[in-house]
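Please look through the model below before you read on. The points after it are meant as a colleague's note, to be checked against the structure one by one.

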Amino acid sequence: SIIVDIAEKKYSFSRNWRRQVQKSKDAGNEFVVVPTPSMEDLKKFVTLFNALKNRKSLQFSLSKEELAELFKSDKYKLFFIKDSQGRELCGRIEFLHNGLVYDVYAANSDEALACGAVYHIQEEIFNSCSDMGGLYFDYGRVSPSADYMDNIYISKSYSGGRVVQYNGQW
């Protein structure tokens, strides 16, 4: 996995990361924390997730009802990046507990990839979760691979986080 120290907001982002974040900000995209997600918020997240699922040929699905169960706990947080027209471009669900932030679900549109919003949301989440008492952000068992999934590892490595290897099962 990749662990990012978010406590002091002293990040080591790659040049590509910084460039993508600036591109998103220049486009007028805005970070939004959703304190109490509605079923409509969850529906928008699922729609974005389905775009990612199709693009990456993922084999599992999410429903707004399943996500609503997560949000019965206040430890789960929902975040979006919206464009200048107020449309959600990408979203993420994180779990905060005892100073640790775990990446649970990511969801993004093709447009979010093109405009840098996928990096913008992560940087803003680091800052927001740090403000909520988060010390470390864990990307959740993202490891190098020999197939198309290696792109996920590479993009997360731009965060400048520390690579850790988990051995065995959880």
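The note takes up the cysteines, then a serine in a helix, then a surface patch.

1. This is a predicted model, in which local features need pLDDT of at least 70 and side-chain atom pairs count only at pLDDT 80 or more, while totals for chains, interfaces and linings use all residues. Residues are numbered from 1 along each chain as its sequence is written, and side-chain values use heavy atoms, with hydrogens and water left out.

2. A disulfide is a covalent bond that links the sulfur atoms of two cysteines. With a disulfide taken as a pair of cysteine sulfur atoms within 2.5 Å, the count here is zero. Why does Cys90 form no such bond? The closest cysteine sulfur, in Cys115, is 7.3 Å from the sulfur of Cys90, which is too far for a bond.

3. Cys90 is buried, at a relative accessible area of 2%, and Cys129 is also buried, at 0% (buried means under 20% relative accessible area, exposed over 50%, partly exposed in between, with a 1.4 Å probe and protein chains only).

4. Ser24 lies in helix 1, residues 15-26 (helices are DSSP runs of H or I with at least four residues, strands are runs of E with at least two, and both are numbered from the N terminus). Ser24 is buried, with a relative accessible area of 0%. Leaving aside residues up to four places away in sequence, Ser24 touches Asn29, Cys115, Gly116, Ala117 and His120, where contact means heavy atoms within 4.5 Å.

5. Tyr136 belongs to strand 6, residues 136-138, and counts as partly exposed because its relative accessibility is 36%.
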